[in-house]
Amino acid sequence: MLMVNKRWFQALVFFILVFLLIMLISATDFIFVPLLQYVGAVAFPLIGAGILFYLTKPVMHFFERFKIPRIVSIILVFLLLILLIFLFVMYIWPIAQKQFTNFIESVPGMITSVEKFINYWQSNYTAIPEQVVSAINDFAADIPSHLENISKNIFGFIGGFIGQVISIIAGIVLIPFFLFFMLKDGEKFLPFITQIFKKKKANNIRSLFSKIDETLTAFIQGQLIVSFAVGVLLFIGYLIIGLDYSLTLALFAMLMNVIPFAGPFIAVIPALIVGAFQEPMMIVWVSLVMIAAQQIESNLISPNVMGRALDLHPLTVITVILAAGSIGGFLGILFAVPFYSVLKTIIIHFYKTYQESKKNKEDALI
């Protein structure tokens with residue numbers, strides 16, 4: 001009984017300290033706000049370089065197996081990246097750009113078709129429920145006001161868009177520098193952190209960072225490889241069924257599949273819209289292609305590429321994505337799963353360390 005009360009008291013003290021820490025941070029926001037702004041300024045190049053780091057690190061180690069010095073291996077990695085970008089710009093981008101331009105030019109025709117369809121419904125309103133007709137009329141009546149609001153805010157949007165473009169360009173310029181030093185000195189970070197700890201605790205911290213590294217490697221490499229494979233499968237499927245703008249739609253699907261769980265559903269929407277205007281039966285063919293690609297991905301590609309390294313239940317993924325989307329928008333959705341996976345890895349590691357310390361009657365890591 002005394003032991004249970006002691007644990008409850010320890011838990012209560014812990015939550016009180018956490019609450020006080022949150023209050024202290026909110027009271028000293030003049031310190032943390034500039035710090036967060038600084039972190040936000042370097043977040044894009046840092047995250048971009050981090051993703052490339054996990055993708056190119058195996059290539060660098062592959063070159064080093066042949067006794068090639070690290071600097072030379074890093075230069076070869078950069079040359080390989082430049083070659084891939086060159087091939088994309090020369091052979092893939094022109095086709096995708098042409099298809100995207102044709103798609104934009106066909107949008108007015110799609111809108112005209114929708115208007116004709118609405119007019120047909122309105123002329124045959126006797127066969128349509130009154131609620132549906134009312135909803136369509138309200139939507140059509142609201143279109144001018146929506147267009148007026150868009151025209152009023154267009155200049156502010158353009159200004160913000162230009163600012164975002166400039167910051168993205170600056171971030172892209174910084175990514176190669178971050179990536180170079182990550183590849184060159186990334187292995188020196190952990191010894192620098194652990195040098196202040198005793199041997200046993202230093203080994204524990206190495207174990208923790210190793211688990212975090214495995215988690216990030218499994219997610220980043222696995223998710224990008226799976227997205228690339230799904231994009232290729234969809235491109236082949238779209239070509240077989242003769243879908244217009246097949247390359248552009250496949251590239252869009254490849255990008256959207258980076259988002260866990262929700263990505264495939266977002267990716268299929270433009271293809272279904274294009275298929276509906278091309279030929280109504282094409283909706284069925286696009287759906288079959290998407291189902292086939294997802295079945296191959298979920299049963300063949302993902303288990304072999306990502307395995308069960310993340311060990312996340314689908315319901316957990318959905319909950320995390322919804323919560324992150326409401327808080328951080330698209331970026332929250334994009335980084336929710338890896339952030340949650342890393343947080344889960346840290347909590348499990350500390351819990352196991354605490355349990356082992358109690359069994360061996362020694363101090364825990366923290």
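Ser227 is a good place to enter this predicted model, as the residue lies in helix α6. With a relative accessibility of 2%, Ser227 is classed as buried, since the cut-off for that class is under 20%. Leaving aside residues up to four places away in sequence, the neighbours that Ser227 touches are Met254, Asn257 and Val258. Met254 also belongs to the part of helix α7 that meets α6, and that pairing of helices is described below.

A word on the whole chain helps to place these details. The chain holds ten helices and zero strands, and reading along the sequence gives the pattern α-α-α-α-α-α-α-α-α-α. Of its 366 residues, 26% count as buried. Among contacts with a separation of 6 or more, 67% are accounted for by residues 24 or more positions apart. The predictor's confidence has a mean pLDDT of 76 over the chain, with 70% of the residues reaching 70 or more. Helix α1 (residues 2-27) has the lowest confidence, at a mean of 66, while α7 has the highest, at 88.

The pairing of α6 with α7 comes next. Helix α6 spans residues 199-241 and helix α7 spans residues 246-256; their axes come within 8 Å and cross at roughly 155°. Because angles over 145 degrees fall in that class, α6 is roughly antiparallel to α7. The crossing of these two helices is right-handed. On the α6 side, the contact is formed by Ser227, Phe228, Gly231, Val232, Leu234, Phe235, Tyr238 and Leu239, and on the α7 side by Ser246, Leu247, Leu249, Ala250, Ala253 and Met254. By residue class, this contact of α6 with α7 has eleven nonpolar members, three polar and no charged.

Helix α7 has a second partner in helix α8 (residues 263-278), with axes that come within 8 Å and cross at roughly 165°. The helices α7 and α8 are therefore roughly antiparallel to each other. Here too, α7 passes α8 in a right-handed crossing. From α7, the residues in this contact are Leu249, Phe252, Ala253 and Met256; from α8, they are Gly263, Ile266, Ala267, Pro270, Ala271 and Val274. The residues of the contact of α7 with α8 comprise nine nonpolar, one polar and no charged. Leu249 and Ala253 appear in the contact with α6 and also in the contact with α8.

How covered is α7 itself? Eight of its eleven residues are buried, so the helix is mostly covered. The buried residues of α7 are Ser246, Leu247, Thr248, Leu249, Ala250, Leu251, Ala253 and Met256. Leu255, also found in α7, has a relative accessible area of 58% and is exposed. The C-alpha atoms of Leu255 and Gly231 are 8.3 Å apart in space, with the two residues 24 apart in sequence. Gly231 is one of the α6 residues in the contact with α7.

The loop between α6 and α7 is worth a look as well. Asp244 lies in this loop and is partly exposed, with a relative accessible area of 36%. Beyond residues up to four places away in sequence, Asp244 touches Leu249, Val274 and Gln278. Val274 is 30 residues from Asp244 along the chain, and their C-alpha atoms are separated by 7.2 Å. Tyr245 has its place in the loop between α6 and α7 too. Its phi is positive, at about 55°, although Tyr245 is not a glycine. At 16% relative accessibility, Tyr245 counts as buried.

Another positive phi is found at Lys67, at about 60°, although this residue is not a glycine. Lys67 is in the loop between α2 and α3 (70-123). In contrast to the buried Tyr245, Lys67 counts as exposed, at 77% relative accessibility. Helix α2 (residues 29-64) itself contains Thr56, which counts as buried at 5% relative accessibility. Not counting residues up to four places away in sequence, Thr56 touches Val77, Leu81, Leu179 and Leu183.

Notes. Residues are numbered from 1 along each chain as its sequence is written. This is a predicted model: local features need pLDDT of at least 70, side-chain atom pairs count only at pLDDT 80 or more; totals for chains, interfaces and linings use all residues. Side-chain values use heavy atoms; hydrogens and water are left out. Axes are lines fitted to C-alpha atoms, for helices over the stretch in contact, and angles run from 0 to 180 degrees between N-to-C directions. Helices (H or I, at least four residues) and strands (E, at least two) are DSSP runs, numbered from the N terminus. Angles under 35 degrees count as roughly parallel, over 145 as roughly antiparallel, 65 to 115 as roughly perpendicular and the rest as oblique. A crossing is left-handed if the near helix is turned anticlockwise from the far one by less than a right angle, and right-handed if clockwise. Contact means heavy atoms within 4.5 Å. Ala, Val, Leu, Ile, Met, Phe, Trp, Tyr, Cys and Pro count as nonpolar, Asp, Glu, Lys and Arg as charged, and the others, Gly among them, as polar. pLDDT is the predictor's confidence in each residue, from 0 to 100. Buried means under 20% relative accessible area, exposed over 50%, partly exposed in between (1.4 Å probe, protein chains only).
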